Every structure is written in structure tokens, then in C-alpha cells.
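Student: Could we go through this structure together? I would like to begin with the ligand.

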Amino acid sequence: MLLKDQVAIITGGAGLNGLGFATARLMAAQGAKVAILDLERADPAGAAAQLGPEHIGLVADVTDKASCDAAVAAVLQAFGRVDTLVNNAGITQPVKTLEITGNDYDRILDVSLRGTLYMSQAVLPAMRQQQGGSIICISSVSAQRGGGILGGPHYSAAKAGVLGLARAMAREFGPENIRVNCITPGLIGTDIIKGKLTEEKKAEIAETIPLARLGCADDIAGACVFLASGLSGYCTGITLDVNGGMLIH
Ligand code: NAD
């Protein structure tokens, strides 16, 4: 088991079809104790219960610093340590540049970018004390190619911001054996794209992808387990493209 006796926190992990829950499931199968954090309406406790009684689900809004700090304190109380944080919570909005309002900008950037900062700030003191840890940030191919298929420019900006923040934290905390890496998923079939693409459109997109299919949540989960485990012990500040070859360059 790659994560035996480790503790992992996954934000935005309660959606049963999402990348976060697939990651929680695979990490649990690899021996980790998992804490799923999500908004109340997503029922993080219910999601964690599906993994088994040794895992916990906590209500936390990643845009609220006090909420992040309280959730991490509860994880430390329950499990005594935190080895991995997956900054997965994110929202998107399919609009064009001229349509983005100030409120849209705040909403989209706050969940992905402010949330990544607040949650990382919340776990770093414990990781420092343990002299090690792995922070995994879910960015997007949208950050690299200037727009994915569904997200607006503010989503691209939020996810590009995540890449910069993660690399800067990787430099700052590398000497303390805390690794910070990003994953840039391509188009993955989760609730975030539900109802937004017809089957025809999906098939059209798949034709442009070298591996000839959309991704599935487990494709991202595998990459997260790699970055959480000792297998990636000499990787920090990297951007791991998991996109079926959509962005070979
Ligand atoms: P999803 O909608 O299933 O998951 C997002 C989760 O974040 C939800 O459970 C939601 O409740 C939670 N969330 C939203 N706001 C929150 C907040 N303020 N605090 C805590 N949790 C919050 O979608 P997904 O596809 O599994 O997306 C997971 C991550 O992957 C997101 O960051 C998304 O931007 C990114 N991503 C997805 C794709 C894709 O094609 N599905 C591609 C690239 C990147």
C-alpha cells in the first residue's frame, strides 16, 4: 500500500462522481485515512461514510479562512497528523470576457485560488512540525491553453494563478521536505460538465485527443496517489498533465 498510515485531506471531495471523491476512494484503498471537506449541501460526512468508518467528512468552505483552519484542527484532533492536502475544490462558469461581472470574478477565483491559499496555510504548520508533507493542487488544462472547453477566462486565470501559487510554495517549503505539485486535468467526465455537452460534442472532442477519449475521475485519482506517495519523492513544483495528450507541446 502506497499511503499506509498516512492522512489525506481532500477539498471538494464529496461529489460522488467528482475527481475529489475518486481520489479519496483510491487514497483510502492505498491505506490512507481520509478527511473529505466540502460545503454542507454536498454532504461530506455522507461521502466519507461510503469509504468506511475510519474516514471523516467535514463541512468547510475553502473561501473562508476560519472555516479552513477549523476543519484542519478537527482533522488533527481526529488523526493526529496530515500528510497530504489535495486542493481540489473548484467551480467554473462558461462565459466570455465581456460578460464577466465583478461578482463572477470573485466567486470563481475565490474557490480555486483563495481556497488553495487558505487550505495550504491551514495545513503547513502541521506539515512543518512533521518535517514533511505533500500538497497537490488541481489546476486545469484551461490554465495552459487559455481556456478549456467549458470554463470562462476568469476560470483560466484562477487555474493559472494556482500554478504560480503552487510553484512559489514549492520553492518556499522545499527545504522543509514539503512538496507542492499541480495536476492539470483535461476534460474529465464529472458533474462539472454534466448537461453542458451533448454526446455528439463529446465524441467530437474525443477525436481531437490522442488517447481518443475523455478522461475519467480515476485518471486524476491515480495521479494524486502518485504525488502523495514516496514514488514522487523528488518531484516538487511540477505540473503533471493528465489530459490524454490534449496538450502535447
Ligand atoms: P465537481 O463539481 O464534481 O467538484 C467540485 C467540488 O467542489 C464539489 O463537490 C463542490 O461542492 C466543491 N466546492 C465548491 N465550492 C466549494 C467551496 N467554497 N468550499 C469547498 N468545496 C467547494 O467537479 P470536478 O470535475 O470533480 O472538479 C474538481 C476539480 O477539478 C475542480 O477544481 C475543477 O475545476 C478541476 N477540473 C475539472 C475538470 C473536468 O473536466 N472535470 C478539468 C480540469 C480541472
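Tutor: A residue is near a molecule if one of its heavy atoms lies within 4 Å of it. This is a predicted model, in which local features need pLDDT of at least 70, side-chain atom pairs count only at pLDDT 80 or more, and totals for chains, interfaces and linings use all residues. Residues are numbered from 1 along each chain as its sequence is written, and side-chain values use heavy atoms, with hydrogens and water left out.

Student: How many residues surround the ligand, and which are the closest?

Tutor: The ligand is surrounded by 27 residues, and the closest are Asp38, Asn88, Tyr155, Ile188 and Thr190.

Student: How far is an oxygen atom of the ligand from the side chain of aspartate 38?

Tutor: The distance from a ligand oxygen to an N or O atom in the aspartate 38 side chain is 2.7 Å. Polar backbone atoms also approach ligand oxygens: one of leucine 19 at 2.8 Å, and one of isoleucine 188 at 2.8 Å. The protein covers 91% of the 820 Å² of accessible area that the ligand has on its own (Shrake-Rupley method, 1.4 Å probe; for residues, only the protein chains shown count as cover).

Student: Where does the ligand sit?

Tutor: It sits in the largest pocket. A pocket is defined on a 1 Å grid over the protein atoms alone, as an open set of points where a 1.4 Å probe fits, with protein on both sides within 12 Å along at least five of seven lines. A molecule sits in a pocket if more than half of its atoms lie within 2 Å of the grid points.

Student: Let us change topic. Is threonine 184 buried or exposed?

Tutor: Threonine 184 counts as buried because its relative accessibility is 0%. Buried means under 20% relative accessible area, exposed over 50%, and partly exposed in between (1.4 Å probe, protein chains only). Threonine 184 belongs to strand S6, residues 178-185; strands are DSSP runs (E) of at least two residues and helices are runs (H or I) of at least four, numbered from the N terminus.

Student: What does the side chain of threonine 184 make a polar contact with?

Tutor: Its partner is the side chain of glutamine 144, at 3.5 Å. A polar contact is a pair of N or O atoms within 3.5 Å; within protein, one must be able to donate a hydrogen and the other to accept it, and residues adjacent in sequence count only if both atoms are side-chain atoms. Beyond four places in sequence, the contacts of threonine 184 (heavy atoms within 4.5 Å) include Ser139, Leu163, Thr239 and Asn243.

Student: And glutamine 144: how far apart are its C-alpha and that of alanine 160 in space?

Tutor: They are 7.2 Å apart, with the two positions 16 residues apart in sequence numbering. Alanine 160 is part of helix H6, residues 153-173, and is partly exposed because its relative accessibility is 34%.

Student: What about the backbone? Which sign does phi have at aspartate 43?

Tutor: Aspartate 43 has a positive phi of about 60° although it is not a glycine. Most residues other than glycine have a negative phi. Aspartate 43 lies in the loop between strand S2 (33-38) and helix H2 (44-51), and is partly exposed, at 43%.

Student: And glutamine 131: where is it found?

Tutor: Glutamine 131 is in the loop between helix H4 (102-130) and strand S5 (133-138). It too has a positive phi of about 60°, and it counts as exposed at 60% relative accessibility.

Conventions
1 Å grid on protein atoms, 1.4 Å probe; cavity = no way out; pocket = protein on both sides within 12 Å on 5 of 7 lines; lining within 4 Å.
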